[in-house]
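Hi,

Here is the structure I promised to pass on. Have a look at it first, then read my notes underneath.

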Amino acid sequence: MNSLVPCQLNSLVDSIKFLFSATLGGTSSFGTTTTPSSANPMKDFEVTSPPDDSVSSLAFSPATIPQNFLIAGTIEVRCWEVEQTGKTIPKSMQTMQGPVLDVCWSDDGTKVFMASCDKMVKCWDLNSNQTIQVAAHDAPVKTCHWIKGPAYTCLMTGSWDKTLKFWDTRSPNPMMTINLLERVYCADVDYPMAVVGTAGRGLIVYQLEGKPQEYKRIESPLKYQHRCVAIFRDKKKSPTGYALGSVEGRVAIQYVNPQNPKDNFTFKCHRSNGAPNGFQDIYAVNDIAFHPVHGTLATVGSDGTFSFWDKDARTKLKPSETMEQSITRCCFNSNGQIFAYAVSYDWSKGHEFYNPMKKNYIFLRSCYDELKPRSSS
């Protein structure tokens, strides 16, 4: 893939490209912006031309392509190339008829899937810069994940219409529909495992070999609404469990088939250090991401901080300073060198606390060494 955007673009994309280059010169470097230090207390690299709206999803391109591309879903979906030299170059942008709630990449890195409040999922072909509808639900689509197995590939979509659907994107009808008891709130896929969290604290593990089917329903170890879920792997790189985050500043580490019941545990995070009156502010865990090499994890929260953790040593590796707004999403690039996190309003306090004067940011942090597990001495 030589370029995301070919020369033969329609007028809309031309105008977007002009807008990007006109406002930013097209090649702004990390760290050359005049961002106030209070907005970037960790002094991380800043993505140029950040979205104007809250970031609902972030994803780096897969390891199958040599470059690093980052996509962010908001009201629209934006794509940047992250260069080795430390430049972020805006490449293109797509819109849907409603806010985008989730994004994911195809395994070959040529397409991006965009799930929206408009009840549709569209496929964005990055080479042609065209989009086509590939999935539909009866309510907003909350999650989308690409499944790459030896026997089949498909798109898994989860919706507030209480269904999970699996799509051969060449066909207008789903390969399979699974009816759920409640709306899909969060999901993750790492073949051959999928985990889906629903309203009402529902939690279902699916096995994807052969064809998707329910493997286990689990009673949630958390007392409050799920916000995010991320699958982790064992030492042999096989998916073996997941981390579940809730609105109550708590994460559960759950093995699907624990060798010992004590392997499963929960820990508190994204909380204030205690006020003089003895009360503690508790914030939602907005996203969880596992490091692709070390197996350690990052959490981000409504308190405007991120933290790196070693689940096996049950210890915090690194806390961050507090940002000006919540951190809504995070992700690692395919080789675990870069940690991306989005700073924007997460609506946890309602629309009356939304401040349009506060800018949204996406920051990139060189993170490989910070996420190395604690040595077991």
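**What I found**

Strand E11 (residues 153-159) and strand E12 (residues 163-167) are antiparallel partners, joined over 4 bridges. One pair to look for is Met156, whose bridge partner in E12 is Phe166. Before you go further, keep in mind that this is a predicted model.

E11 and E12 belong to an open sheet of 4 strands in the order E10-E11-E12-E13, with antiparallel pairing. Strand E10 (141-148) and strand E13 (176-179) are the edge strands, and each pairs on one side only. From one strand to the next, the twist averages 15 degrees.

**The whole chain**

Stepping back, the protein chain has 1 helix and 28 strands. It is 377 residues long, and 55% of them count as buried. The exposed surface comes to about 17,300 Å², with carbon and sulfur atoms supplying 49% of it. If you take the contacts with a separation of 6 or more, residues 24 or more positions apart account for 47% of them.

The UniProt entry, which is unreviewed, lists "repeat: WD" for residues 93-134, 134-177 and 285-310. Over residues 285-310 the model has 62% strand and 0% helix, and the C-alpha atoms at the two ends are 17 Å apart.

**Another sheet**

Now find the open sheet with the order E22-E23-E24-E25, where 4 strands pair in the antiparallel way. Which strands stand at its edges? They are strand E22 (285-290) and strand E25 (315-319); each has a single partner strand, so one side of each is left without a neighbour in the sheet. Neighbouring strands here are turned by 25 degrees against each other on average, direction ignored.

Inside that sheet, strand E23 (residues 297-301) pairs with strand E24 (residues 306-310) over 4 bridges, again antiparallel. Val300 stands opposite Phe306 in E24.

**The cores**

Phe306 turns up again in the largest nonpolar core, which has 19 residues. Which of those residues touch the most other members? That would be Phe306, Phe308, Phe339 and Tyr341. Two or more residues each come from E23, E24, strand E26 (327-332), strand E27 (338-343) and strand E28 (361-366).

Phe339 is a good one to click on. Leaving aside neighbours within four places in sequence, its contacts include Val300, Phe306 and Phe308, along with Cys330, Phe363 and Leu364. There is also a second, separate core of 16 residues, and Cys154, Leu180, Val184 and Ala194 are among them.

**Strand E28 and its partners**

E28 is mostly covered, with 5 of its 6 residues buried. E27 and E28 run antiparallel and are joined by 6 bridges, and Ala342 has Ile362 in E28 as its bridge partner. E28 also pairs with strand E1 (residues 45-46), in the antiparallel sense over 2 bridges. In that pairing, Phe45 stands opposite Leu364.

**A hairpin**

Strand E18 (residues 226-233) is mostly covered too: 6 of its 8 residues are buried. E18 runs antiparallel to strand E19 (residues 239-246), and 7 bridges join the two. Phe232 sits opposite Gly241 in E19. Together E18 and E19 form a hairpin with 5 residues between them, and Lys237 in the turn has a positive phi of about 70 degrees.

**Two residues to try yourself**

Is Glu81 buried or exposed? Glu81 is found in strand E4 (residues 76-82). Its relative accessible area is 16%, and buried means under 20%, so Glu81 is buried. Not counting residues up to four places away in sequence, Glu81 touches Gln67, Asn68, Phe69, Lys87, Thr88, Ile89 and Lys91.

Now do it for Ala63, in the loop between strand E2 (57-60) and strand E3 (68-73). Is Ala63 buried or exposed? The relative accessibility is 62%, so Ala63 counts as exposed. Ala63 and Asn333 are 270 residues apart in sequence, but their C-alpha atoms are 8.4 Å apart in space.

Happy clicking!

Terms used. Residues numbered from 1 in each chain as written. Predicted model: local features only at pLDDT ≥ 70, side-chain atom pairs only at ≥ 80, totals over all residues. Heavy atoms only, no water. UniProt positions renumbered as here; feature names shortened; annotations may be inferred. Buried < 20%, exposed > 50% of the residue type's maximum accessible area, 1.4 Å probe, protein only. Contact = heavy atoms within 4.5 Å. Areas by Shrake-Rupley, 256 points an atom, 1.4 Å probe, with all protein chains shown as cover. Pairing = 2+ DSSP bridges. Axes fitted to C-alpha atoms, helices over the stretch in contact; angles between N-to-C directions. Core = buried A, V, L, I, M, F, W, Y, C linked by side-chain atoms within 4.5 Å.
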